[in-house]
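Subject: A structure to look through, with notes

Hello,

I am handing over the structure below, and I would be glad if you opened it beside this message. My notes on what was found in it follow.

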Amino acid sequence: MSRWWFKKQVLSYLPLLLLIIFVLLGATFLSTVQQSKQDVVRANGVFAEHVQQSVDFNLKAVETQVLNAALQNEKLAAYFYEKELGERYFYKYEISRELDKIKLSLPLIDSIYLYRAADETVLSDTMNLPLDKHGDQAFIRNWLERSERDHKWSDARSLRNKYSDQSRDVVSLVSDYPPPKGESGLIVVNVKVSELQQLVAEMNQAADISNARLIGSNGREIFKSSLPDKMEDLHRIVSDYTGWTIATGIQDGSVYTFTSGLFTLMIGISVILLILGIAWIVYTARSQYKPIHTIMQRIVYFHSAQHEIFQPQSQPTKDELKIIEEAFQHLTRQVLEYEREQEESLIFKRRHKLRELVAGTEIWNRDEWKKEAAKLKVCDFSKQLSVGIVEIDHYGDFADRYSTRDQFLFQFVMNSVVRELSGQHEVDIWAEWLEGPRMTILLVDTDGTEPLAQGDSLNRNGMEALQGRGYAIAAQLSDWVRSNLDFTVSIGLSRAISDPEQLYLIHAEAQEALNDKFIQGSGRVIAYEELQVESQREVYRLIPKIRSLTHAYRIGEERWKDELHLLFQELTAGGFAKSDVYYLINQITQMLRRELMELSDEGQSLWNNDMSPVLERILQGMETIEETRLQLTALFTAMDGRLAEYRESRKHHSRMQEVRQYIEQHYANPDLSLSMLEEQFGISGKYMSALFREEIGDKFVDFLAKIRLSHAERLLLETNETIQQIALQVGYTNPMTFIRSFKKHYGMTPGDYRKQENQLL
């Protein structure tokens with residue numbers, strides 16, 4: 001089987017797999033780069049906090065030392081409170097020297113001076129001037145005018161020296177005196193920006209990677225940084241103490257920029273690859289979906305057409321593969337069901353075809369046999385053909401003991417045994433159970449020429465090879481069933497023929513051979529050639545004897561036993577077929593029913609409830625003539641006792657029996673009538689008629705007619721007397737009345753009846 005679909009699937013999705021691997025590797029690399037970047041940013045944030053803390057620490061140290069000195073130095077405090085010091089120049093000089101000492105103790109301080117609000121004078125380490133003449137008067141006045149002061153430190157500003165044109169950048173600490181909100185004056189400390197720049201530069205150098213710059217509250221840098229102008233600020237921290245912003249970045253920003261750019265590039269590539277992957281998946285899915293789409297179109301078409309191949313979905317779904325799966329599952333079930341139905345149909349076809357062949361409604365020649373045998377998957381015709389019919393004995397009991405399933409199982413077992421035995425004897429068979437108890441077997445030789453060994457022929461000299469094989473198979477089958485099952489089979493075998501068109505003829509021979517088991521007994525293998533000469537089958541000749549038997553039985557005469565025994569003796573000796581015996585037993589049933597239904601309700605109940613059902617079972621289960629005789633004798637004997645009890649229970653039974661005997665003795669008297677019986681027995685004619693019908697079961701006129709006609713029938717068969725003479729002998733004075741009465745009872749005239757019986761004889 002080609003794996004083209006598998007290869008196509010692999011080649012379709014392999015690029016996508018490689019793309020996914022590349023994206024995963026890129027994602028891993030990006031994750032590493034991003035982690036490194038985050039580490040750098042985190043370190044830079046720590047550096048920014050360190051710079052901010054260092055700057056604040058140094059400036060706080062300046063503020064603390066200056067304010068401590070201002071509060072603890074009496075000379076400095078005296079400047080703000082003693083007005084007369086304004087004329088004491090020496091004391092002012094000493095205060096200047098104290099300020100100079102503070103300046104020298106703190107390298108960050110560029111200059112320091114005191115502003116006294118009382119007379120608006122400024123005292124520094126070098127001079128004492130009114131505010132109007134001081135070089136920093138603008139800064140002081142501006143500070144004094146500010147109503148809200150968030151921080152004590154100013155932004156970077158330029159401070160000019162009074163004695164030179166040089167200026168320097170400073171940041172100023174302005175504190176009210178006395179701290180924190182005194183109104184006596186101000187203490188102004190100017191810190192060199194260069195010192196702050198050097199402090200930050202030293203920290204930048206120590207950080208090796210990060211760099212920091214100071215930005216005032218006005219947004220301008222406090223000192224010119226050596227960082228690139230376009231350096232990206234990673235962190236910006238605003239000092240709560242000074243209000244300045246510490247902005248930090250990377251000294252060599254190219255690596256960070258490259259990393260960031262690479263990260264951005266990889267993100268872009270990943271997005272592009274993702275888009276390409278989605279596009280590739282869509283393209284591949286569309287190309288791979290084409291056959292599925294075609295299948296779905298077919299399914300939708302069949303669904304819309306309500307085709308029986310596809311059943312509606314039990315639960316609607318949009319999953320095409322699920323729909324296809326369910327559709328193909330149903331289609332598979334349909335195919336399997338179709339194959340099973342075809343196999344079952346083939347079984348029925350074989351059975352039906354064999355039934356037509358053996359019945360003769362269809363005839364095959366050799367060419368037709370070969371053609372049809374291939375279609376039906378049965379054995380082909382070779383050179384010889386014979387038929388065997390296997391019948392389960394006592395099938396009624398068999399059907400009562402076993403369920404339908406068990407019956408089929410036994411049939412299957414016997415069919416298998418026949419096939420196995422046929423293989424041992426080199427015979428092809430075609431076996432079918434055409435009827436419930438019967439299996440018809442066609443036996444076809446495989447070569448048509450090889451003779452049987454002497455042991456296989458079962459001493460049947462002169463029989464053809466196929467007949468001998470068939471007899472051997474039948475005998476072994478019969479023995480196997482008798483040994484392994486709890487029932488027996490009877491088998492009828494036909495002759496062998498070489499013309500398949502005569503199949504229906506040899507099937508009739510096998511049936512006739514099997515029917516002979518009714519005479520020979522069950523559990524036998526009967527060949528057609530063993531049958532006796534065909535009997536005369538004098539079925540209609542026995543009808544009067546059956547009528548006499550049933551009449552004697554109804555009226556309680558003991559002669560019915562002898563007549564029943566003689567009837568079965570004649571059936572056995574005459575070689576009657578089962579169908580003929582079945583007809584005669586059925587006649588006994590019908591005549592007996594007519595006789596007993598003339599009785600009262602109690603007598604009719606005996607027939608309907610006790611006798612009729614048993615007779616039906618005997619009739620349906622006939623196996624052999626001897627079994628049938630024994631069953632009928634047992635039934636009639638048992639019921640005769642009950643009928644006798646019924647008759648004895650009747651009040652006028654004995655009287656009516658005397659009347660009946662009188663009629664049977666004087667039937668030939670033309671004057672025999674109810675009036676004559678009334679005179680003889682002293683019972684009114686009307687009452688006697690009612691009693692007679694109740695006890696005997698017939699009207700008086702009908703009973704008298706039966707007696708006269710039965711004697712007339714005997715005379716017609718045993719004498720050559722004319723119709724008129726016979727009519728007078730049985731009590732009819734008018735021959736036409738006799739003829740009409742005879743035809744009414746026998747369906748034909750006395751003359752026709754005599755001719756028919758003579759022809760049968």
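Please keep in mind from the start that this is a predicted model. I begin with the interior, where the largest nonpolar core holds 45 residues, and the members that touch the most others are Val62, Val66, Trp153, Ile187, Val189 and Val191. Two or more residues of this core come from each of helix 1 (4-72), helix 2 (74-81), helix 3 (89-105), strand 1 (109-116), strand 5 (167-177), strand 6 (185-192), helix 5 (193-207) and strand 7 (210-215). Helix 1 gives the largest share, which is 10 residues. As background, nonpolar side chains tend to be buried together in soluble globular proteins.

Val66 is a useful residue to click on, since, when its neighbours within four places in sequence are set aside, Val66 is in contact with Ile102, Leu106, Ile109, Ile112, Ile187 and Val189. There is also a second, separate core of 33 residues, with Trp560, Leu571, Leu596 and Ile618 among its members.

Helix 3 also contains Tyr91, and this residue counts as buried because its relative accessibility is 16%, where the cut-off for buried is under 20%. Tyr91 and Ala78 are separated by 13 residues in sequence, and their C-alpha atoms are 9.7 Å apart in space.

Next come two pairs of helices. Two packed helices are described by the angle between their axes and the distance between the axes. How, then, do the axes of helix 14 and helix 16 cross? The axes of helix 14 (residues 543-555) and helix 16 (residues 578-596) come within 9 Å of each other and cross at roughly 40 degrees, which means that helix 14 is oblique to helix 16. The crossing of these two helices is right-handed. On the side of helix 14, the residues that meet helix 16 are Ile543, Ile546, Arg547, Leu549, Thr550, His551, Tyr553 and Arg554, and their partners in helix 16 are Tyr583, Leu584, Gln587, Ile588, Met591, Leu592, Glu595 and Leu596. Sorted by class, this contact has 10 nonpolar, three polar and three charged residues.

The second pair is helix 22 and helix 24 (residues 735-746), whose axes come within 11 Å and cross at roughly 90 degrees, so these helices are roughly perpendicular to each other. Helix 22 brings Ala705, Lys706, Leu709, Ser710, Ala712, Glu713 and Leu716 to the contact, while helix 24 brings Phe738, Ser741, Phe742, His745 and Tyr746. By class, seven of the residues in this contact are nonpolar, three are polar and two are charged.

Is Glu713 buried or exposed? Glu713, which is found in helix 22 (residues 700-718), counts as buried because its relative accessibility is 6%. With its neighbours within four places in sequence left aside, Glu713 is in contact with Pro544, Arg547, Tyr746 and Tyr753.

Finally, two loop residues deserve a look at their backbone angles. His394 is not a glycine, yet it has a positive phi of about 50 degrees; it is found in the loop between strand 10 (385-392) and helix 9 (395-401), and at 27% relative accessibility His394 counts as partly exposed. Glu426, also a residue other than glycine, has a positive phi near 55 degrees. Glu426 lies in the loop between helix 10 (404-424) and strand 11 (427-432), and its relative accessibility of 38% makes Glu426 partly exposed.

Best wishes

Key: Residues numbered from 1 in each chain as written. Predicted model: local features only at pLDDT ≥ 70, side-chain atom pairs only at ≥ 80, totals over all residues. Heavy atoms only, no water. Axes fitted to C-alpha atoms, helices over the stretch in contact; angles between N-to-C directions. Helix = DSSP H or I, 4+ residues; strand = E, 2+ residues; numbered from the N terminus. Parallel < 35°, antiparallel > 145°, perpendicular 65-115°, else oblique. Left-handed = near helix turned anticlockwise from the far one by under 90°. Contact = heavy atoms within 4.5 Å. Nonpolar A, V, L, I, M, F, W, Y, C, P; charged D, E, K, R; others polar. Core = buried A, V, L, I, M, F, W, Y, C linked by side-chain atoms within 4.5 Å. Buried < 20%, exposed > 50% of the residue type's maximum accessible area, 1.4 Å probe, protein only.
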